[in-house]
Every structure is written in C-alpha cells, then in structure tokens.
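Thanks for coming. I will go through one structure today and keep to what can be computed from the coordinates.

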Amino acid sequence: MTVLLQFIADNAVWIYGACALIALWHLRVVLRARRERKQAVFALEREAALQRVYNTLGVALALLATMGITYFISNVLLEAVKPLAEEGIGFTPTIVLPTLNAQEIELTPSPTPTPTQPLPTPRPRPTLRPLPTPPPEPTPSPTPAVVAPNCPNPLARLISPGQNQTISGSVPIIGTANIPNMQYYKLEFRPAGSSVDYSYIGGQNTPADGTLAVWNTSPLPDGVYTLRLVVVDHTGNYPPPCEVSVIVTH
C-alpha cells in the first residue's frame, strides 16, 4: 500500500499535467459546443451541443477529483503513513516455536540406532612348522662274503658251511676228520664272541671224509655262531680246531 502511495506522490506532477491537458481539450470542446449551440437552427442540434457541454463538465469534475486525490495522497496521506511504514520495516517478527511437552517428545518415534557390526577378529596366522625330517632309511649292512673255512690242518678241516654263510634248519656239516692215530672227532658250537662252553652237535670215533654230522639249528635264535671241528688222537692231543662263523636265520 505504501508503495502505491509513494508511486502516486512521485508521479503527481505528471498526473497534474495530464489532467491539465485533458481539461484544455475539453475546454475546447465546451467552447466549440457553445458556438455550435448559438449557431444551431434546430432544437435537436442545440440539445446535442448542450449534452456535450454537460459531458465535458462531468469530465472536468472527474479531473478535479483526480487532482484532489493526488494532492491528498502526496501531501497528507503519504506523510501520515510513512512513520507506520518505517516502523513496519524495522520491526522484526519474533517466531515462537511451539514447545513440545515431555509426553509429545516421548510419542515422537526416535530412529532406531543401526547396530554396529563388530569388526571381525583377525585370525592368527598359522605358524609354519618345519616338516618332520624323515628318518634315514637304514642302510643295509653289507653281507659278508662267504669264503671257505681257513683250517690250519687239512686233515681236520671243514668245507661246508663256509665262513659267514647263512644257514637255517638242518645243515649238513661237510669236512674231513682223519688225523693219524685218531681217536674221535666232535663238532661243537656257541654264540660268536661268547665265553660260554661249546654245545655238542655230533661226532664219531672213526675217520670220516664228507658229511661229518647234521646240525639242527631250528631251536637256536637268530644270530652269529661259531662252529668248530675238534679231532683228538689216542694220546689225547689234537691239532688246532677248525672254526668257522655262520649266521643262523629262520
């Protein structure tokens, strides 16, 4: 509203000027209508000229009213509303927010907190363990070569089994027992390296050349044994026995 009033006050001069121009135009119309009315012959022409005069008077009244209103707005009304407008410009409205009571606050749904996913617990890395060292494969011990018994007396000797020969079960013992004035011979054995007495295998009191006896090794445990041939004469003497090492394996 103040803007409209200010606009009218700012353009009051132009409004007055326009009204003056319109008034001059209608003044001309009035003068012309009076002249035509005086010169009219017929009554109808005089009435028409008079009607134009009346219309011009109406326009003149409207112009006067417009100019009066413009003057009133520019000099009275606008000055009266300016203080109110300035107060309205400087007035800062205070926005009062509605206060929620405790019940309304409780009724207001609150967002459900999003559960926080726990961080995964790092798994311990497996510790590399040294691979077990395979036990060394047993190296097979070399099998001693079988050689012929080394008997000091060829008349009291063993031929078979040979030195380091592997035997089992019943083994024929082949050799020679034929020394001069021989009384008897015997075959004995004991574990190799042992100091126990020899065990008797067999023998006889006549010379022999070939199978001297048969040795049953089945009752014996596996191991190395010393087999010997002893040939005794009638004086009770005997040459060095012929010995041979054999391996009993079942």
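**Loops, salt bridges and surface**

I will start at one residue: Asn-181 is partly exposed, because its relative accessibility is 46%. Please keep in mind that this is a predicted model. Asn-181 sits in the loop between strand S3, residues 170-177, and strand S4, residues 182-191. Its backbone is the reason I picked it: Asn-181 is not a glycine, yet its phi is positive, at about 50°.

Asn-164 gives a second case, with a positive phi of about 70°, and again the residue is not a glycine. This one is in the loop between S1 and S2. Its relative accessible area is 21%, so Asn-164 counts as partly exposed. The cut-off for buried is under 20%.

The loop between S1 and S2 deserves another look. Pro-161 is also found there, between strand S1 at 156-160 and strand S2 at 165-167. The peptide bond that joins Ser-160 and Pro-161 is cis, with omega at about 5°. Why point these out? Most residues other than glycine have a negative phi, and most peptide bonds are trans.

Now the overall layout. The protein chain has four helices and eight strands. How are they ordered from the N terminus on? The order is α-α-α-α-β-β-β-β-β-β-β-β.

Of the 250 residues in the protein chain, 24% are buried. The chain exposes about 18,500 Å², and carbon and sulfur atoms supply 62% of that area. As for contacts with a separation of 6 or more, 63% of them are between residues 24 or more positions apart.

Next, salt bridges. The count is four, and I will discuss some of them.

Arg-32 and Glu-36 meet through their side chains, at 3.4 Å from N to O. Both are in helix H2 and are four residues apart, which means that about one helical turn separates them. Arg-32 is partly exposed, since its relative accessibility is 42%. Glu-36 is partly exposed as well, at 32%.

Glu-36 has another partner. Arg-52 forms a salt bridge with Glu-36, and here the closest N and O atoms are 2.1 Å apart. Arg-52 belongs to helix H3 and Glu-36 to helix H2, so this pair ties together parts that are 16 residues apart in sequence. Arg-52 has a relative accessibility of 33% and therefore counts as partly exposed.

A further salt bridge is between the side chains of Glu-188 and Lys-186, at 3.1 Å from N to O. Which of the two is buried, and which is partly exposed? Glu-188 is buried, because its relative accessible area is 7%. Lys-186, at 21%, counts as partly exposed. Going back to the helices, Arg-32, Glu-36 and Arg-52 are joined into one network by salt bridges that share partners.

Glu-188 also comes up when we look at Thr-226. Thr-226 is in strand S7, which covers residues 223-233. At 11% relative accessibility it counts as buried. What does Thr-226 contact, leaving aside neighbours within four places in sequence? The list is Glu-188, Phe-189, Arg-190, Pro-191, Ala-192, Tyr-198, Glu-243, Val-244 and Ser-245.

Last, the surface, where I have two patches to show.

The nonpolar one is made by Leu-21, Leu-24, Leu-27 and Leu-31, and has an area of about 420 Å². Leu-21 lies in helix H2, which runs over residues 12-39. Leu-21 is exposed, because its relative accessible area is 60%.

The positive one is formed by Arg-34, Arg-37, Lys-38 and Arg-46. Which element gives the largest share of the positive patch? That is H2, with three residues. Arg-46 has its place in helix H3, residues 43-90. With 31% relative accessibility, Arg-46 counts as partly exposed. Patch residues need over 30% relative accessible area, so Arg-46 qualifies at 31%.

To recap: helix H2 holds Leu-21 of the nonpolar patch, gives three residues to the positive patch, and contains both Arg-32 and Glu-36. On the strand side, Thr-226 of S7 is in contact with Glu-188, and Glu-188 has its salt bridge with Lys-186. The backbone cases to check in the viewer are Asn-164, Asn-181 and the cis bond between Ser-160 and Pro-161.

Key: Residues are numbered from 1 along each chain as its sequence is written. This is a predicted model: local features need pLDDT of at least 70, side-chain atom pairs count only at pLDDT 80 or more; totals for chains, interfaces and linings use all residues. Side-chain values use heavy atoms; hydrogens and water are left out. Helices (H or I, at least four residues) and strands (E, at least two) are DSSP runs, numbered from the N terminus. Buried means under 20% relative accessible area, exposed over 50%, partly exposed in between (1.4 Å probe, protein chains only). Contact means heavy atoms within 4.5 Å. Patches are made of residues with over 30% relative accessible area and no salt bridge: like charges are joined within 9 Å, nonpolar side chains (Val, Leu, Ile, Met, Phe, Trp, Tyr) within 5 Å. Accessible areas come from the Shrake-Rupley method with a 1.4 Å probe; for residues, only the protein chains shown count as cover. Lys and Arg count as positive and Asp and Glu as negative; His and the chain ends are not counted. The place of a charge is taken as NZ of Lys, CZ of Arg, CG of Asp or CD of Glu.
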